[in-house]
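Colleague: I would like to learn how to read a model of this kind with some care. Could we take it one feature at a time?

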Amino acid sequence: KLFVVDDDYGQIGSSNLDPRSLKLNFEVAVEFYSEATAAPLAEYFESKIDQSRRLDAHKLAARSPLKRFVGAVFWLMSPYL
């Protein structure tokens with residue numbers, strides 16, 4: 001996960017920012033206060049947004065039965081992934 005604020009501060013890691021995840025899941029994150037590190041990561045994040053596509057309810061409903069089944073299986077397995 002990536003979290004960047006104002007190209008000055010950032011955090012990279014696996015942790016969710018809630019007490020339960022931090023206590024029970026032994027997740028870690030690296031914090032940094034560095035424009036030299038944060039600015040390129042913010043640019044990377046923005047480039048990924050530009051490459052993404054919007055997915056709405058109509059597009060989800062139009063998926064093939066196989067893709068819907070695979071999605072359902074992964075949703076059931078999500079607590080273990």
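Modeller: We will go through confidence, then the sheet, then the aromatic rings.

Colleague: What is the mean pLDDT of the protein, and where is confidence lowest and where highest?

Modeller: This is a predicted model, and the general caution is that where pLDDT is low, the predicted coordinates should not be read in detail. Here the mean pLDDT of the protein is 86, with 95% of its residues at 70 or more. Confidence is lowest in helix H1 (residues 19-24), where the mean is 72, and highest in helix H4 (residues 65-77), where the mean is 92.

Colleague: How should I read the sheet: in what order do the strands lie, and is the pairing parallel or antiparallel?

Modeller: In general, the strands of a sheet pair through backbone hydrogen bonds, either parallel or antiparallel. In this model three strands make an open sheet with antiparallel pairing, in the order S1-S2-S3. Strand S1 (2-5) and strand S3 (29-33) are the edge strands, each pairing on one side only, and neighbouring strands are turned by 10° against each other on average, direction ignored. Between S1 and strand S2 (residues 9-13) there are four bridges in the antiparallel sense, and Phe3 stands opposite Gln11 in S2.

Colleague: Which helix lies across S1, S2 and S3?

Modeller: That is helix H2 (residues 35-51), which runs at about 115° to S1 as it lies across S1, S2 and S3.

Colleague: Now the rings: how many aromatic pairs are there, and which residues do ring pairs link into a cluster?

Modeller: A pair of aromatic rings is described by the distance of the centres and the angle of the planes. The count here comes to two aromatic pairs. Phe3 and Tyr9 form an edge-to-face pair, at 6.3 Å centre to centre and with 80° between the planes. The rings of Tyr9 and Tyr33 have their centres 5.0 Å apart and their planes at 50°, so this pair is tilted. The tilted pair links distant parts of the chain, with Tyr9 in strand S2 and Tyr33 in strand S3, 24 residues apart. Ring pairs thus link Phe3, Tyr9 and Tyr33 into a cluster.

Colleague: Is Tyr9 buried or exposed, and is Tyr33 buried or exposed?

Modeller: Tyr9 has a relative accessible area of 16%, so it counts as buried, whereas Tyr33, at 68%, is exposed. Phe3 is partly exposed, with a relative accessible area of 39%.

Note on methods
Residues numbered from 1 in each chain as written. Predicted model: local features only at pLDDT ≥ 70, side-chain atom pairs only at ≥ 80, totals over all residues. Heavy atoms only, no water. Pairing = 2+ DSSP bridges. Helix = DSSP H or I, 4+ residues; strand = E, 2+ residues; numbered from the N terminus. Axes fitted to C-alpha atoms, helices over the stretch in contact; angles between N-to-C directions. Contact = heavy atoms within 4.5 Å. pLDDT = per-residue confidence, 0-100. Phe/Tyr/Trp six-rings, centres within 6.5 Å; stacked < 30°, edge-to-face > 60°. Buried < 20%, exposed > 50% of the residue type's maximum accessible area, 1.4 Å probe, protein only.
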